[in-house]
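Please look at the sequence and the model shown here before reading on. The report that comes after them is meant to be read with the structure open.

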Amino acid sequence: MNYLEQINPNNIPQHVAIIMDGNGRWAKKQGMNRIFGHRNALTSIRESVAAASDIGTKAITLYAFSTENWNRPKLEVDALMSLLINSLKKELPGFQENNIKINAIGCLESLPTKAQKTLADVIEATKNNTTLTLTFALSYGSREEIVNAVKNISKKIVNNELSVEEIDEKIINNHLYTVSLPEVDLVIRSSGEQRISNFLLWQIAYAEFHFTKVLWPDFRKNDFYKAVVEYQNRERRFGKTSEQIEDLNE
Ligand code: IPE
Ligand code: IPE
Ligand code: MG
């Protein structure tokens with residue numbers, strides 16, 4: 001089925017966050033090592049970004065490496081870091097051509113120096129691009145992000161730049177790595193797992209979820225469109241009643 005045809009252009013998710021899972025299983029299925037799976041994830045990233053761009057989604061955030069992923073075998077971690085560096089360099093002309101702004105969230109200081117440098121260069125080079133913001137969550141953990149926010153807010157209180165009474169949802173939001181991004185509308189997770197794995201806990205308070213069995217290296221544009229169609233068939237009530245939402249739409 002071609003899902004693009006079913007998309008309503010008036011209800012496009014503005015921010016889609018993707019938990020790209022299943023590279024290891026995809027590789028194992030064909031008797032290859034896990035790193036082969038990670039290498040084949042790049043096409044899926046390109047397809048998702050192109051699909052998002054085509055329908056007018058303004059932000060896409062990809063969970064590429066979690067704080068917990070540091071516990072994987074060193075060989076795999078090293079391969080993922082090299083892949084990150086090489087892909088960012090290789091894709092830069094494509095980002096420019098498609099007007100894509102690169103962004104990163106996470107504990108970036110824990111990345112290898114070379115990865116930090118490449119990332120900073122690509123972010124700088126694409127900072128004026130406007131079609132879509134592509135954010136990589138790297139060494140990202142939502143709990144770490146919240147700890148970091150609490151520390152930074154506390155420092156401001158100690159320095160008398162902020163009072164305890166002033167702390168509200170907006171202040172907390174402003175101290176998260178995602179400060180510049182719109183609200184997350186849709187979360188997609190590939191590979192059949194139905195869990196969040198420490199991704200954007202605060203930010204997904206009212207997001208819709210799409211879980212697909214497709215393993216990430218097999219994920220294509222049409223899989224992205226399918227998630228959007230499912231999103232559009234949901235009624236987002238934000239605590240209100242169905243009748244109230246219908247009145248609003250009239
Ligand atoms: C997702 O695929 C990529 C990363 C977490 C870096 P996995 O490597 O988790 O693949 P599976 O879940 O083992 O199949
Ligand atoms: C989540 O995938 C992290 C990324 C996609 C980067 P994992 O494969 O690490 O998650 P768990 O451990 O199965 O929950
Ligand atoms: Mg996994």
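What follows is a description of the surroundings of one ligand and of the aromatic rings in the protein.

The model is a predicted one. Ligand 2 sits in the largest pocket, and the residues around ligand 2 are Ile19, Met20, Asp21, Tyr63, Ala64, Phe65, Ser66, Asn69, Arg72, Arg189, Arg195 and Ser197. By kind, the residues of this shell divide into five nonpolar, three polar and four charged. Strand 2, which spans residues 59–66, supplies the largest share of the shell around ligand 2, namely four residues.

Polar side-chain atoms from several of these residues lie at short listed distances from oxygen atoms of ligand 2, as the table sets out.

| Residue with the polar side-chain atom | Distance to an oxygen atom of ligand 2 |
|---|---|
| Aspartate 21 | 3.2 Å |
| Asparagine 69 | 2.9 Å |
| Arginine 72 | 3.2 Å |

On its own, ligand 2 has 390 Å² of accessible area, and the protein covers 78% of that area.

How many aromatic pairs does the structure hold? The structure holds nine aromatic pairs, among them that of tryptophan 26 and phenylalanine 36, whose ring centres are 5.7 Å apart and whose planes are at 20°, so the pair is stacked. Because tryptophan 26 lies in helix 1 (residues 23–29) and phenylalanine 36 lies in helix 2 (residues 34–39), the pair ties together parts that are 10 residues apart in sequence.

Note on methods
Residues numbered from 1 in each chain as written. Chains lettered and ligands numbered in written order. Predicted model: local features only at pLDDT ≥ 70, side-chain atom pairs only at ≥ 80, totals over all residues. Heavy atoms only, no water. Near = heavy atom within 4 Å. Polar contact = N/O pair within 3.5 Å; in protein donor to acceptor, adjacent residues only side chain to side chain. Areas by Shrake-Rupley, 256 points an atom, 1.4 Å probe, with all protein chains shown as cover. 1 Å grid on protein atoms, 1.4 Å probe; cavity = no way out; pocket = protein on both sides within 12 Å on 5 of 7 lines; lining within 4 Å. Sits in = over half its atoms within 2 Å of the grid points. Helix = DSSP H or I, 4+ residues; strand = E, 2+ residues; numbered from the N terminus. Nonpolar A, V, L, I, M, F, W, Y, C, P; charged D, E, K, R; others polar. Phe/Tyr/Trp six-rings, centres within 6.5 Å; stacked < 30°, edge-to-face > 60°.
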